[in-house]
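Subject: Structure handover

Hello,

Here is the structure I said I would pass on. Please open it before you read the notes below.

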Amino acid sequence: MLQVLGRPNSVNVQKVMWCLAELGLTADRSDIGGAFGGNDAADYLGKNPNGKIPTLIDGDYVLWESNAIVRYLCDQYRAGHWYPDAAQQLGHANQWMDWYQTALHRPMTTLFWQLIRTSPEQRDQVAVDSAIKECAGFWRMLDHHLADRDYILGEHISIADVPLGCAAYRWHSMNFERPDLPALQDWWTRISERPAYQTHVMLPLT
């Protein structure tokens, strides 16, 4: 039995749960982290010394870091186009997954915390405006990339779409003025029609 340790409103847990559902896999998920706590308990730290979520348990195999988990699941339980066979395609998938983590994740996190988890009277509008501008620049890069392709690697959805797809829901769901990025919008519309994405990613922002 696969187990996922992590709360459902975490964008990193959502990556894993969406991926599992797309692969036709089921997992026993436990509420850990955030308001639920538990990620600083000795038992949890014994599995994941980083103290973050999610953690995947697959039999006696334990793995943490959400992008690593997505890669593992799609490699271990291969299902068609989700995990590219060609080295160059896989290289591009890893490139975009890592780009999300090193470039877009930080300002998206600032935006989310300011607009969703900070009361309006305590909000730092300078930080909000700066994060919107920075995020828009990164999303514009992806919009340009998607101008002649349906998904990040081309015709089929893959691991490359998972981290950015989760972030795209937040980008399009928070209340602020966004630039018009038609290719990005079309890509996100295609993803948002997927039942697994609707179930595990399109949740209330809390």
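First, a term: the domain bounds used here come from an automatic or database domain assignment. Note also that this is a predicted model.

The assignment splits the protein chain into domain 1 (2-81) and domain 2 (85-196). The C-alpha centres of domain 1 and domain 2 are 21 Å apart. Their contact draws on 15 residues from domain 1 and 22 residues from domain 2.

How much area do domain 1 and domain 2 bury between them? The value is about 1,700 Å². Carbon and sulfur atoms carry 58% of it. On the domain 1 side, look for Trp18, Arg71 and His81. These residues supply 40% of the area that domain 1 buries against domain 2, more than any other three residues.

Next, the polar side of the interface. The rule finds 2 salt bridges across the interface of domain 1 and domain 2. Arg71 also forms a salt bridge with Asp98, side chain to side chain, at 2.8 Å from N to O. Across the interface of domain 1 and domain 2 there are also 6 residue pairs in polar contact, with both residues at pLDDT 80 or more.

Which helices of domain 1 each supply at least two residues of the side that touches domain 2? They are helix H1 (11-22) and helix H3 (66-76). H1 gives the most to that side, with 6 residues. By class, the side of domain 1 that touches domain 2 has 5 nonpolar, 5 polar and 5 charged residues.

Best wishes

Technical notes:
Residues are numbered from 1 along each chain as its sequence is written. This is a predicted model: local features need pLDDT of at least 70, side-chain atom pairs count only at pLDDT 80 or more; totals for chains, interfaces and linings use all residues. Side-chain values use heavy atoms; hydrogens and water are left out. Contact means heavy atoms within 4.5 Å. Buried area is the accessible area (1.4 Å probe) that two parts lose on being put together, summed over both. A salt bridge is a side-chain nitrogen of Lys or Arg within 4 Å of a carboxyl oxygen of Asp or Glu. A polar contact is a pair of N or O atoms within 3.5 Å; within protein, one must be able to donate a hydrogen and the other to accept it, and residues adjacent in sequence count only if both atoms are side-chain atoms. Helices (H or I, at least four residues) and strands (E, at least two) are DSSP runs, numbered from the N terminus. Ala, Val, Leu, Ile, Met, Phe, Trp, Tyr, Cys and Pro count as nonpolar, Asp, Glu, Lys and Arg as charged, and the others, Gly among them, as polar.
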